[in-house]
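Visitor: I'm new to this one. Could you show it to me, and then take a close look at a single part?

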Amino acid sequence: MPAAITRPTLDRPITPQEAAVIRATLKQAATLPELPHLFDTVDQLHAISRCGCGCDSVDFARHHPGVDSKTIGDGVGTTPTGGRVGVIVWGTEHGITGLEIYSLGAGDDDLRLPIPESIHLFVPTQT
Ligand SMILES: [Zn+2]
């Protein structure tokens, strides 16, 4: 994600599609063991900004100053049109802070939320 790309402001609740992708990622591609309490927070998330490149990446308001977000879910999925994308759920032990979609072969115009059922754990050796 190049720093030159600005992140336009949003002010809306999480969409059902985003919530489904986050839940699927935490369930099918969690990178931390202790996540069950975060499931309950997903529907309350509020999008505050999105990625300016045109992809479906969004940031959520639940920021805790001084606490760095880390990867709590790291998966691979398929978009409705067949593109292969990576999906990262960012968060802290207190809450989810972001959802990132990036290309693993999908075109720039296909950086959409993957189909929740298609999400599985990212394995680095996979091509
Ligand atoms: Zn982007």
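Visitor: How much of the contacts with a separation of 6 or more in the protein chain comes from residues 24 or more positions apart? And in what order do the strands of the open sheet lie?

Guide: Before we start, this is a predicted model, where local features need pLDDT of at least 70, side-chain atom pairs count only at pLDDT 80 or more, and totals for chains, interfaces and linings use all residues. Residues are numbered from 1 along each chain as its sequence is written.

On contacts (C-beta atoms, placed from the backbone, within 7 Å), pairs 24 or more positions apart make up 69% of those with a separation of 6 or more.

Now the sheet. The protein chain has two helices and seven strands; these are DSSP runs, with H or I for helices of at least four residues and E for strands of at least two, numbered from the N terminus. Along the sequence you meet β-α-α-β-β-β-β-β-β. In the open sheet, though, the order is β1-β2-β3-β6-β5-β4-β7, with antiparallel pairing. Strands count as paired when DSSP finds at least two bridges between them. At the edges sit β1 (9-13) and β7 (120-121), each pairing on one side only.

Let's zoom in on β2 (residues 46-50) and β3 (residues 58-60): they're antiparallel, joined over three bridges. Ser 49, for instance, has Asp 59 in β3 as its bridge partner. In general, strands of a sheet pair through backbone hydrogen bonds, either parallel or antiparallel.

Stepping back, the C-alpha trace spans about 35 × 35 × 25 Å along its principal axes.

Key
Contact = placed C-beta atoms within 7 Å.
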